[in-house]
Amino acid sequence: MDKTKRLPKQRTTFLVRCWLLPDGSGRYQVRHVQSGQEAQTDSLEAALRWMERFRLAPSKPE
């Protein structure tokens with residue numbers, strides 16, 4: 001990465017908890033720290049799709 005170019009100071013933070021179940025499946029709980037919104041999913045892909053909504057949403061720079 002070119003160190004002369006700086007990334008915007010827009011940050012989105014998530015807390016992700018994962019439970020691996022005996023049958024090999026997983027459960028995921030995701031919290032968007034800035035808004036406090038949470039979701040629970042059965043797959044990592046679904047958790048990532050949920051998080052993607054916040055990347056696409058307009059937000060205020062710091």
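This text walks through a predicted model, starting with its sheet, moving to the salt bridges and ending at one histidine.

The sheet is open and is built from 3 strands in the order β1-β2-β3, with antiparallel pairing. Its edge strands are β1, residues 14-20, and β3, residues 38-41, and each of these pairs on one side only. Direction ignored, neighbouring strands of the sheet are turned by 10 degrees against each other on average. The pairing of β1 with β2 is antiparallel and runs over 7 bridges. Within this part of the sheet, Leu-20 stands opposite Gly-26 in β2.

Charged side chains come next. Side chains of opposite charge can pair when their charged atoms come close. With a cut-off of 4 Å between a side-chain nitrogen of Lys or Arg and a carboxyl oxygen of Asp or Glu, the count comes to 3 salt bridges.

One of them joins the side chains of Asp-42 and Arg-27, at 3.4 Å from N to O. Asp-42 sits in the loop between β3 and α1 (44-56) while Arg-27 belongs to strand β2, so this pair ties together parts that are 15 residues apart in sequence. Asp-42 counts as exposed because its relative accessibility is 56%, whereas Arg-27, with a relative accessible area of 35%, is partly exposed.

Another salt bridge is formed by the side chains of Arg-31 and Glu-38, with an N to O distance of 2.4 Å. Arg-31 has a relative accessibility of 33% and therefore counts as partly exposed. Glu-38 is also described as partly exposed, at 38% relative accessibility.

In helix α1, the side chains of Glu-52 and Arg-55 meet in a salt bridge of 2.5 Å, N to O. These two residues are 3 residues apart in the helix, so about one helical turn separates them. Glu-52 is partly exposed, with a relative accessible area of 32%, but Arg-55 counts as exposed at 59% relative accessibility.

The last stop is His-32, which is placed in strand β2, residues 26-32. Is this residue buried or exposed? Its relative accessibility is 7%, so His-32 counts as buried, given that the cut-off for buried is under 20%. The side chain of His-32 makes a polar contact of 2.8 Å with the side chain of Ser-35. Leaving aside residues up to four places away in sequence, His-32 touches Thr-12, Thr-13, Phe-14, Gln-37, Trp-50 and Phe-54. Of these contacts, Phe-14 falls in the range of edge strand β1 (14-20), and Trp-50 and Phe-54 fall in the range of α1 (44-56).

Conventions: Residues numbered from 1 in each chain as written. Predicted model: local features only at pLDDT ≥ 70, side-chain atom pairs only at ≥ 80, totals over all residues. Heavy atoms only, no water. Helix = DSSP H or I, 4+ residues; strand = E, 2+ residues; numbered from the N terminus. Buried < 20%, exposed > 50% of the residue type's maximum accessible area, 1.4 Å probe, protein only. Polar contact = N/O pair within 3.5 Å; in protein donor to acceptor, adjacent residues only side chain to side chain. Contact = heavy atoms within 4.5 Å. Pairing = 2+ DSSP bridges. Axes fitted to C-alpha atoms, helices over the stretch in contact; angles between N-to-C directions.
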